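Biologist: Before I rely on the labels attached to this model, I should like to see the criteria behind them. Please show the structure.

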Amino acid sequence: MKENGRKQGAVSPCAACKLLRRRCAPDCVFAPYFPADEPQKFANVHRVFGASNVNKMLQELPFHQRGDAVSSMVYEANARIRDPVYGCVGAISSLQQQIDVLQTQLAVAQAEELPMHQRGDAVSSMVYEANARVRDPVYGCVGAISSLQQQIDVLQAQLALAQAEVVHMRMRQYSDKTRVDHHQGTSSPENSPSSKIVSSQAKSLFMDMVVDQPNMEESLWSC
Ligand SMILES: [Zn+2]
């Protein structure tokens, strides 16, 4: 009945409104993308996503992106109807497998100039690099290396802080002990047990810090 009312105007209802049996308003959100002569497009999208979800998704997007969103939803819906278990993911997985096979073939071909015992490792690392490049087309493996390097920098800074705290603590123990020894007139600082407790690693770190930060010596000994 409503369709008949619409037909009195110049434009017939869009495929969405026709399927939903509702009036196709002049500002219908579906009309630009679901023309009446392609009813299957909306039928599939409606079946997989639901008309109200599609409506909501389109309204949340700026106009210039809605066409691409509809195209990709139609593609996804068609894939889901063809392959109810994996949908689009089936296609992605199949393409990924093709990439893996081709990358391995390429790596094997490139590794042929290497001695036999090195080819396995060369193929593995070339496949790894190729995968990294597919995942991150701009930086590839270098992106992963850079990210790991940043983690190392952070961890090294944390380690240096922790070691500095240990040195600071032991220096304080040492100076307390020296003061006691001095009052008692016993062993010299070099032979005191607390000086031996400072590990060679902590000592070398302490020396580095003295070189890098001259004020550190004063602060280490001040308490
Ligand atoms: Zn409509």
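Modeller: The following exchange takes some labels in turn and sets each against its definition. This is a predicted model, in which local features need pLDDT of at least 70 and side-chain atom pairs count only at pLDDT 80 or more, while totals for chains, interfaces and linings use all residues. Residues are numbered from 1 along each chain as its sequence is written, and side-chain values use heavy atoms, with hydrogens and water left out.

Biologist: What makes Cys 14, Cys 17, Cys 24 and Cys 28 donors of the zinc ion?

Modeller: Donors are N, O and S atoms within 2.8 Å of the metal (3.2 Å for Na, K and Ca); water is not among the atoms, so sites may look incomplete. The SG atoms of these four cysteines lie 2.3 Å from the zinc ion, and they therefore qualify.

Biologist: Why is the site of the zinc ion called tetrahedral?

Modeller: Four donors count as tetrahedral if all angles lie between 85 and 135 degrees. The angles among the four donor atoms are 105 to 114°, so the site is tetrahedral.

Biologist: Why does Asn 44 count as buried?

Modeller: Buried means under 20% relative accessible area (1.4 Å probe, protein chains only). Asn 44 has 12% relative accessibility and therefore counts as buried.

Biologist: How do you know that a polar contact joins the side chains of Asn 44 and Asn 78?

Modeller: A polar contact is a pair of N or O atoms within 3.5 Å; within protein, one must be able to donate a hydrogen and the other to accept it, and residues adjacent in sequence count only if both atoms are side-chain atoms. The contact between Asn 44 and Asn 78 is 2.7 Å, so it meets the distance limit.

Key: Four donors count as tetrahedral if all angles lie between 85 and 135 degrees; four count as square planar and six as octahedral if opposite donors are over 155 degrees apart and all others between 65 and 115; anything else is irregular. Buried means under 20% relative accessible area, exposed over 50%, partly exposed in between (1.4 Å probe, protein chains only).
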